[in-house]
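Student: Hey, I've got a new structure to look at. Can you walk me through it?

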Amino acid sequence: MKDASRTPPPLRDPSFRRSAALLRAFLNEQEDPEHCYTLLARDAADQVQRYVPLKDRVVVDVGGGTGYFAREFRRRGAETYLFEPDPRALTPAGHRPPEGSVLADGYLLPLADGAADVCFSSNVLEHVADPQTFLSEMVRVTRPGGLIYVSFTNWFSPWGGHEWAPWHYLGADRGRRRFERRTGRSAKHTVGENLFPIHVGTTLRQVREREDVAVVSARARYWPLLPSLPPRIPVLREFVTWNLLLILRRCP
Ligand SMILES: C[S@@+](CC[C@H](N)C(=O)[O-])C[C@H]1O[C@@H](n2cnc3c(N)ncnc32)[C@H](O)[C@@H]1O
């Protein structure tokens, strides 16, 4: 008999099996968010663990939402803290925030310099108006030699407009209006309010210019093969990377 509580073995990254499983879970996110975010959290924790063991390390999840990632880090033995400014995201109906949750903004984390071994942020950068300041705060709270994991969906990604993708290719206002007309629902995201166009090339350049971090890896987060290739190809990278994952090391 199958043991439902057993954690399945990690999916090899990169691989077509992993990408297909993530895509299936994402397409089914509305019906089964639990499965989607549990899978994504396990996948991200596996990615972090490739660079640093998690047991007994201090992990900070910035913009952690409902806490799937924080719970997964904690399950793997990390002392985990989640910072989230939106109380509705932190405690949706029927959910209790995970242990170590703090209502706080990522621009101003209530943490001492160098407090974290790992500073983690998944899919938040495109939701802040000033991603470089947000990133600076992540760097500040990471100890020298510590790891920073930051990923985001860039604007020209097929998912750049979020719920109104791919109509964002028509422009932010037209795309949003088209979504509302076709579905009869209000869009969750508005450009300039809670969604900001962010680009792969510009972000890579800005991060490489920084003296306080070294880029360990820049890759297409969900790609099934050669994930480091798409972010290297000017122009094309804006359309095919889909979601850029940066692994950075805090310089001593
Ligand atoms: C798309 S959700 C991502 C949630 C989770 N990290 C994930 O990957 O599933 C974006 C999150 O960023 C949060 N956020 C927006 N602005 C923020 C800020 N200034 N500081 C920290 N989090 C922020 C939102 O409240 C929201 O929970």
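Tutor: Sure, let's talk about the sheet, the domains and a few odd residues.

Tutor: This is a predicted model, where local features need pLDDT of at least 70, side-chain atom pairs count only at pLDDT 80 or more, and totals for chains, interfaces and linings use all residues. Residues are numbered from 1 along each chain as its sequence is written.

Student: Cool. What's the strand order in the open sheet?

Tutor: It goes β3-β2-β1-β4-β5-β7-β6, seven strands with mixed pairing. Strands are DSSP runs of E with at least two residues, helices are runs of H or I with at least four, and both are numbered from the N terminus. Two strands pair if DSSP finds at least two bridges between them.

Student: And which are the edge strands?

Tutor: β3 (101-103) and β6 (213-220), each of which pairs on one side only.

Student: In which sense do β1 and β4 pair, parallel or antiparallel?

Tutor: Parallel, over three bridges, with β1 covering residues 58-62 and β4 residues 116-122. Aspartate 61 stands opposite phenylalanine 120 in β4.

Student: Which strands does helix α5 lie across?

Tutor: Helix α5 (residues 131-141) lies across β1, β4, β5, β6 and β7, and runs at about 150° to β5. Axes here are lines fitted to C-alpha atoms, for helices over the stretch in contact, with angles from 0 to 180 degrees between N-to-C directions. Contact means that the C-beta atoms of two residues, placed from the backbone, lie within 7 Å.

Student: New topic: how is the chain divided into domains?

Tutor: Domain 1 is 16-154 + 198-250, and domain 2 is 155-194. Those bounds come from an automatic or database domain assignment. Their centres, taken over C-alpha atoms, are separated by 23 Å.

Student: How many residues are in contact there?

Tutor: 10 residues of domain 1 touch seven residues of domain 2.

Student: Now the odd ones. Where's the cis bond at proline 166?

Tutor: That cis peptide bond runs from alanine 165 to proline 166, with omega near 0°. Proline 166 sits in the loop between β5 and α6 (172-183).

Student: Is histidine 162 buried or exposed?

Tutor: Histidine 162 counts as buried because it has 20 C-beta neighbours inside 10 Å. The cut-offs are 20 or more other C-beta atoms within 10 Å for buried, 12 or fewer for exposed and partly exposed in between, with C-beta atoms placed from the backbone. Its phi is near 55°, a positive value in a residue other than glycine.

Student: And valine 235, buried or exposed?

Tutor: Valine 235 counts as exposed, because it has 9 such neighbours inside 10 Å. Valine 235 also has a positive phi, about 70°.
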